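The following exercises ask the reader to examine a structure and to reason from it step by step. Each task is followed by a worked solution.

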Amino acid sequence: MHLLFLCSQNKRRSLTAERLFEGYESHTARSAGTENNARVKVTPGMLGWADIIFCMEKKHMRRIKEKYSDIIADKTVICLNITDDYSYMDDDLCDLLETIVPEYL
């Protein structure tokens, strides 16, 4: 399964999730940001590639629904409700992701 993780900047939360879930139970993971100045900005191709799209916050879901509603119409899009309070690979962030994400896989 192809997993796409989205946050704002693609520097901490979504990048951590990509690192944690790449290869997890044979899944492939990618990450991107929804802001124009993101490290890697989400593209229509990424959204089309994904089987499941995980958004860190509701604002990320809203942004992709506003801009790419046609592409994500038949996709599973999940909001993890993880605020931007963590650094990259933060232990608490990793624990949170490892608890929540597998429920959807």
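**Exercise 1: Two residues with an unusual backbone angle**

Task: State where methionine 89 is placed and describe its phi angle and exposure.

Solution. Methionine 89 is located in the loop between strand E4 (76-79) and helix H4 (91-100). The model under study is a predicted one. Most residues other than glycine have a negative phi. Methionine 89, although not a glycine, has a positive phi of about 60°. Its relative accessible area is 33%, and methionine 89 is therefore partly exposed, since this class lies between the limits of 20% and 50%.

Task: Is glutamate 25 buried or exposed, and in which loop does it lie?

Solution. Glutamate 25 lies in the loop between H1 and strand E2 (28-33). Its relative accessibility is 56%. Exposed means over 50%, so glutamate 25 counts as exposed. Glutamate 25 is not a glycine either, yet has a positive phi of about 45°.

**Exercise 2: The surroundings of serine 14**

Task: Determine whether serine 14 is buried or exposed, and list its contacts.

Solution. First, serine 14 belongs to helix H1 (residues 13-21). Second, its relative accessible area is 0%; buried means under 20%, and serine 14 is therefore buried. Third, the side chain of serine 14 forms a polar contact of 2.9 Å with the side chain of asparagine 10. Finally, when neighbours within four places in sequence are left aside, serine 14 is in contact with Phe5, Leu6, Cys7, Ser31, Ala32 and Met56.

**Exercise 3: The packing of two helices**

Task: Describe how H1 and H4 are arranged and which residues meet.

Solution. The axes of H1 and H4 are 10 Å apart, and the helices pack at an angle of about 60°. This angle falls outside the ranges for roughly parallel, roughly antiparallel and roughly perpendicular, so H1 and H4 are oblique to each other. The crossing of H1 past H4 is right-handed. On the H1 side, Arg13, Thr16, Ala17, Leu20 and Phe21 take part, and they meet Leu93, Cys94, Leu97 and Glu98 in H4. The residues of this contact comprise 6 nonpolar, 1 polar and 2 charged.

**Exercise 4: Asparagine 37**

Task: Where does asparagine 37 lie, and which side chain does its own side chain join in a polar contact?

Solution. Asparagine 37 lies in the loop between E2 and helix H2 (44-49). With a relative accessible area of 53%, asparagine 37 is exposed. A polar contact of 3.2 Å links its side chain to that of glutamine 9.

Methods. Residues are numbered from 1 along each chain as its sequence is written. This is a predicted model: local features need pLDDT of at least 70, side-chain atom pairs count only at pLDDT 80 or more; totals for chains, interfaces and linings use all residues. Side-chain values use heavy atoms; hydrogens and water are left out. Helices (H or I, at least four residues) and strands (E, at least two) are DSSP runs, numbered from the N terminus. Buried means under 20% relative accessible area, exposed over 50%, partly exposed in between (1.4 Å probe, protein chains only). A polar contact is a pair of N or O atoms within 3.5 Å; within protein, one must be able to donate a hydrogen and the other to accept it, and residues adjacent in sequence count only if both atoms are side-chain atoms. Contact means heavy atoms within 4.5 Å. Axes are lines fitted to C-alpha atoms, for helices over the stretch in contact, and angles run from 0 to 180 degrees between N-to-C directions. Angles under 35 degrees count as roughly parallel, over 145 as roughly antiparallel, 65 to 115 as roughly perpendicular and the rest as oblique. A crossing is left-handed if the near helix is turned anticlockwise from the far one by less than a right angle, and right-handed if clockwise. Ala, Val, Leu, Ile, Met, Phe, Trp, Tyr, Cys and Pro count as nonpolar, Asp, Glu, Lys and Arg as charged, and the others, Gly among them, as polar.
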